[in-house]
Every structure is written in structure tokens, then in C-alpha cells.
Amino acid sequence: MAPAVFKTVGCINSSGRFDSCLFRTMNELYASLPQVETLLQQDRIEVWFSRISRPVAVDVVRETLQLFRSRIESEQRAFSPEEIIEECVAALDAVYQRRLKPVINCTGVIIHTNLGRAPLSAKSWQEAGRLNTSYTNLEFDLSSGKRGKRSSFTTELLSRLCGSESALVVNNNAAAVFLILSTFARRKEVIVSRSELVQIGGGFRIPDILASSGAKLVEVGTTNITTIDDYLEAITDRTAVVLKVHRSNFALRGFTEEPSTRTLAAHLPPNILLVVDQGSGVLSSDIKGETPVSSHIRDGAHLVSFSADKALGSVQGGCIVGNGDLVAKLATHPLYRTMRVGKTVSSLLEASLIDHLNGVGTPALAFARRSVEELAAIGHTILGAVASSRLSLVEETMTLGGGSTPDESLPSLAIRLASAKPNRDAQVLRSREVPIITTVVKGAIHLNLGALAPEEAGTVISALKDLLEA
Ligand SMILES: *Cc1c(COP(=O)(O)O)cnc(C)c1O
């Protein structure tokens with residue numbers, strides 16, 4: 001068979017340098033592909049080892065080479081080393097995009113579950129850093145020199161903030177609710193209003209959590225009206241808990257009625273536990289539409305659970321506060337052992353709780369409390385630096401998010417970028433080293449300034465300049 005002659009292209013020789021080669025057979029074409037090891041020695045590929053690990057990078061390079069083998073077969077041509085390296089880098093970058101990285105939140109949702117909920121304060125992160133890179137007295141009583149109670153100071157701080165006798169911390173609020181129901185309502189009945197049988201975010205459905213904890217759901221009332229009598233009439237000798245659930249991501253308006261925690265506490269027989277899944281972890285009374293945890297405790301709830309990484313503004317965790325005997329019972333349930341938190345969560349939560357007690361607030365709450373004037377100053381800095389007629393500053397609203405104040409919005413501003421291809425431009429902003437997450441509004445991109453820190457303005461400026469110059 002007469003040998004086919006293929007185009008001359010560069011190849012990498014055994015010393016890693018580019019050569020010019022001539023290929024005559026398909027076998028030679030395949031053989032012209034660089035070795036995996038040769039590619040791995042290229043600077044442009046080696047830099048990815050620290051970003052995604054060497055073994056993952058090796059797999060990506062192998063898969064890319066396999067792709068070129070198929071392309072040689074279908075296109076019957078040689079590929080230059082530059083082309084191959086370029087393709088490897090694109091594939092490595094695609095993997096890197098899946099790694100956790102900082103993003104800039106221009107969505108106008110301050111506590112955004114998809115964006116990691118609340119940002120922690122840099123100060124608490126630093127403080128916790130010292131603890132996490134050394135041994136700690138996590139479960140060791142320094143005065144007696146004996147084994148101590150895990151995270152006892154964290155729970156002391158929580159109790160103080162919520163006005164409760166006792167507290168317990170687990171991995172998240174879903175775990176907190178599950179632990180409470182498993183401990184106190186297994187094979188018993190739990191009464192929940194039909195207006196509170198909610199689904200929160202990805203897959204937390206109250207009826208499902210109840211069922212998997214072994215409790216039997218007893219629904220009372222209607223979608224819009226549930227009265228105290230509805231609760232009282234549903235009580236049987238199998239009733240263990242009345243569960244009130246924060247609606248979190250929707251609002252009930254119009255002709256509605258529901259008994260407050262105080263009314264329920266006043267009317268329920270003493271052997272029935274009143275449990276509130278407060279959800280958001282709002283601790284102060286200045287957030288419109290939210291009942292702080294301490295109010296539920298003061299009004300007579302036996303146990304209240306909430307997330308630590310929503311409005312409380314700390315690390316992912318689930319807090320339970322309330323009656324001392326009940327909390328002690330939770331802490332000795334075998335399930336608790338599967339949900340307890342380690343030193344990382346405890347140390348970060350402690351730092352946030354101390355900030356709350358000192359009235360320092362959290363970054364998320366600071367965003368929620370910023371004035372439109374402060375946002376306008378950031379907006380004008382960006383507009384001034386980018387100087388483009390396609391940009392303008394427009395009025396918009398922001399929300400606290402994170403399952404709190406579903407019906408309330410706060411005034412905010414957005415940078416509007418007029419665009420013929422807004423979806424594509426939004427994608428360009430997302431694919432930057434520090435991705436910028438925006439919303440697409442008809443014919444424009446909106447960069448809501450509500451959750452933008454002033455020190456992030458420079459990154460936004462560079463991104464907009466690059467986009468507009470492209
Ligand atoms: C958010 C939320 C949960 C789930 O909390 P996680 O910390 O995400 O597990 C449960 N109940 C309510 C009412 C919530 O708002």
C-alpha cells in the first residue's frame with residue numbers, strides 16, 4: 001500500500017522541544033502525539049497540579065490525548081503541540097471550575113444558598129484559623145485535666161443569645177429537626193399546620209423528614225387558616241409534639257390566621273412538646289417580618305431549631321436551644337453522635353456568637369443594613385472607572401434570602417449593562433478567575449450592588465472593562 005503523505009506540523013521531541021516532522025502513515029500520525037509524561041512536563045500544564053491535584057490532571061491530559069486519537073482517525077491530519085496543549089488547558093480549566101472558589105455575588109440575594117449562604121467575617125476566620133492549625137481543648141477540661149464536654153462554651157453563648165436554658169449544635173438545621181423528632185416523636189404523632197408543610201430548598205420536605213424520623217404526621221387546619229382549636233382537637237394520647245415551621249421561602253397573605261407560639265404554649269397540655277423550626281436564625285428584632293429565636297423561647301417554645309449559616313451569618317451548622325432536660329436528652333441520643341460538629345465549626349461559630357453578643361453584626365447583616373447612598377457611592381466608583389455609555393445605575397431591590405423574610409425586599413441599586421447578548425455576557429463574567437454572578441434582565445445584565453463589598457469593586461471594574469473591550 002502506498003504510504004499517504006500528511007502535512008508537516010510541529011511535534012514535541014524527547015527533550016520537550018518543538019520539532020518539525022513529516023508524517024507518512026496513520027501509524028506515524030498516531031505516534032506523533034506527544035507522550036502523557038512529555039505534556040505533564042510543560043509549564044502550562046504543570047501549574048494545574050496545585051489547583052486540581054496531579055492525578056486528576058493526569059487523567060484529564062490522558063482523556064484529551066484520547067480525543068486527539070479519535071480526531072486523527074476522523075480528520076486524518078496531524079495536530080500541533082500547541083493545539084494539543086491548548087485543548088489540555090481548556091479541559092483542565094473546565095475541571096477547575098468545579099472546585100470551590102470565591103465568587104462575587106451580584107444577584108441581590110444576600111444569603112444565597114447556591115453561593116454558600118453567609119460569608120464569614122474575616123476576623124472570625126482568622127481567630128478560628130489559629131485553633132484549627134493546632135490541638136485544642138475541644139473535649140478536654142483544662143481545670144480538672146480530664147475529659148470535658150464538647151463545645152460547652154459555644155452552647156453557653158448560644159443560650160445567652162437566645163435566652164434559653166441550654167443549647168446543642170449539630171451539622172445543619174435539617175439534622176436538628178430530625179434529631180428532635182427521632183428523640184421525642186418516634187412512633188408517636190406530630191401535629192403540623194397544613195400552611196407549614198413546606199419544602200425548603202433542595203429536598204428538605206417537612207412530611208418526609210417526619211416520616212423518616214419514624215413520627216406520624218397529623219395535619220391540621222387549612223392552607224390559609226389554622227386555629228388553636230384545630231391543634232387542640234387533634235391531640236390524642238399518642239401526640240408527642242406540636243411542630244411550628246417557618247415558611248422560609250414563601251409568604252402567606254390575605255385571609256390568614258394562625259396561633260402564635262405564645263397562644264400555643266398557653267393552651268397545649270403540659271405533656272406535649274412545642275417545637276419551633278425557626279429556620280433563619282434571626283436573633284435580633286430589627287429584621288422586618290422575622291421573629292427572633294429568643295421571642296419563641298420567651299413565649300414558651302420548649303425547643304427551637306435554626307441554621308447557623310443563614311441570617312446568623314456563621315458557618316454551616318444547626319442550633320437547638322431550649323429546655324435543659326430536653327437538650328440533655330438530645331445529647332445522649334445515639335443519633336447525636338452522627339451529627340455532632342468538630343473543632344472547625346465550633347471555633348467559627350464561637351467567634352460569630354461573640355460578635356453577636358458584642359453587637360458587631362455579621363457581614364451579611366451589614367449588607368442588609370447598608371443605605372442606598374452607600375451603594376450609590378460604590379456604583380459611581382465603578383461607572384466612573386469603566387466609563388462606558390452601555391453602563392448605567394438603576395434602582396433595584398435586594399432580599400436577605402436564606403429562608404428569611406420571603407416577602408420583604410430592601411431598596412438596592414444595580415449597574416445595568418446594556419447588551420445584545422446578555423446571556424453570553426453573563427457567562428463571560430461567570431467564567432473569570434473570580435466569577436461574577438449577575439442576573440439577566442431583558443436586554444441587559446444587572447449587577448446588583450446589595451451584596452457587593454466595596455473592596456470587590458476593583459475586580460468588577462476590571463471584568464467590565466475586559467468585557468466591553470472584547
Ligand atoms: C433552611 C431551613 C431548614 C434547613 O436548614 P439547613 O441548615 O439547610 O439544614 C429547615 N427548616 C427551615 C424552616 C429552614 O428555613
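**Ligand surroundings and the interface of domains 2 and 3**

In this predicted model, the residues that surround the ligand are R117, N172, N173, A174, I200, F204, H246, S248, D277, G279, S307 and K310. Three of these residues can be described through individual atom pairs with oxygen atoms of the ligand. From the backbone, A174 places an N or O atom 2.8 Å from a ligand oxygen. From the side chains, S307 has an N or O atom 2.7 Å from an oxygen atom of the ligand, and a polar atom of K310 also sits 2.7 Å from a ligand oxygen. On its own, the ligand would expose 380 Å², and 93% of that area is buried by the protein.

It helps next to place these residues within the chain as a whole. The domain assignment divides the protein into three parts: domain 1 covers 7-96, domain 2 combines 104-113 with 366-469, and domain 3 runs over 121-359. Domain 2 is thus made of two stretches of sequence, 104-113 and 366-469, while A174, S307 and K310, which were described above in terms of their distances to the ligand, carry numbers that lie in the range 121-359 of domain 3.

Turning to how domain 2 and domain 3 meet, their C-alpha centres are 34 Å apart. Contact between the two involves 10 residues on the side of domain 2 and 16 residues on the side of domain 3. Interface size is often expressed as the accessible area that is lost when the parts come together. For domain 2 and domain 3 this buried area is about 1,000 Å², with carbon and sulfur atoms contributing 58% of it.

Specific polar interactions can be listed briefly for this interface. One salt bridge is found across the interface of domain 2 and domain 3. A salt bridge joins the side chains of E408 and K288, with an N to O distance of 3.5 Å. One residue pair is in polar contact across the same interface, counting pairs with both residues at pLDDT 80 or more. As for composition, the residues of domain 2 that touch domain 3 comprise three nonpolar, four polar and three charged ones.

Notes:
Residues are numbered from 1 along each chain as its sequence is written. This is a predicted model: local features need pLDDT of at least 70, side-chain atom pairs count only at pLDDT 80 or more; totals for chains, interfaces and linings use all residues. Side-chain values use heavy atoms; hydrogens and water are left out. Domain bounds come from an automatic or database domain assignment. Contact means heavy atoms within 4.5 Å. Buried area is the accessible area (1.4 Å probe) that two parts lose on being put together, summed over both. A salt bridge is a side-chain nitrogen of Lys or Arg within 4 Å of a carboxyl oxygen of Asp or Glu. A polar contact is a pair of N or O atoms within 3.5 Å; within protein, one must be able to donate a hydrogen and the other to accept it, and residues adjacent in sequence count only if both atoms are side-chain atoms. Ala, Val, Leu, Ile, Met, Phe, Trp, Tyr, Cys and Pro count as nonpolar, Asp, Glu, Lys and Arg as charged, and the others, Gly among them, as polar. A residue is near a molecule or strand if one of its heavy atoms lies within 4 Å of it. Accessible areas come from the Shrake-Rupley method with a 1.4 Å probe; for residues, only the protein chains shown count as cover.
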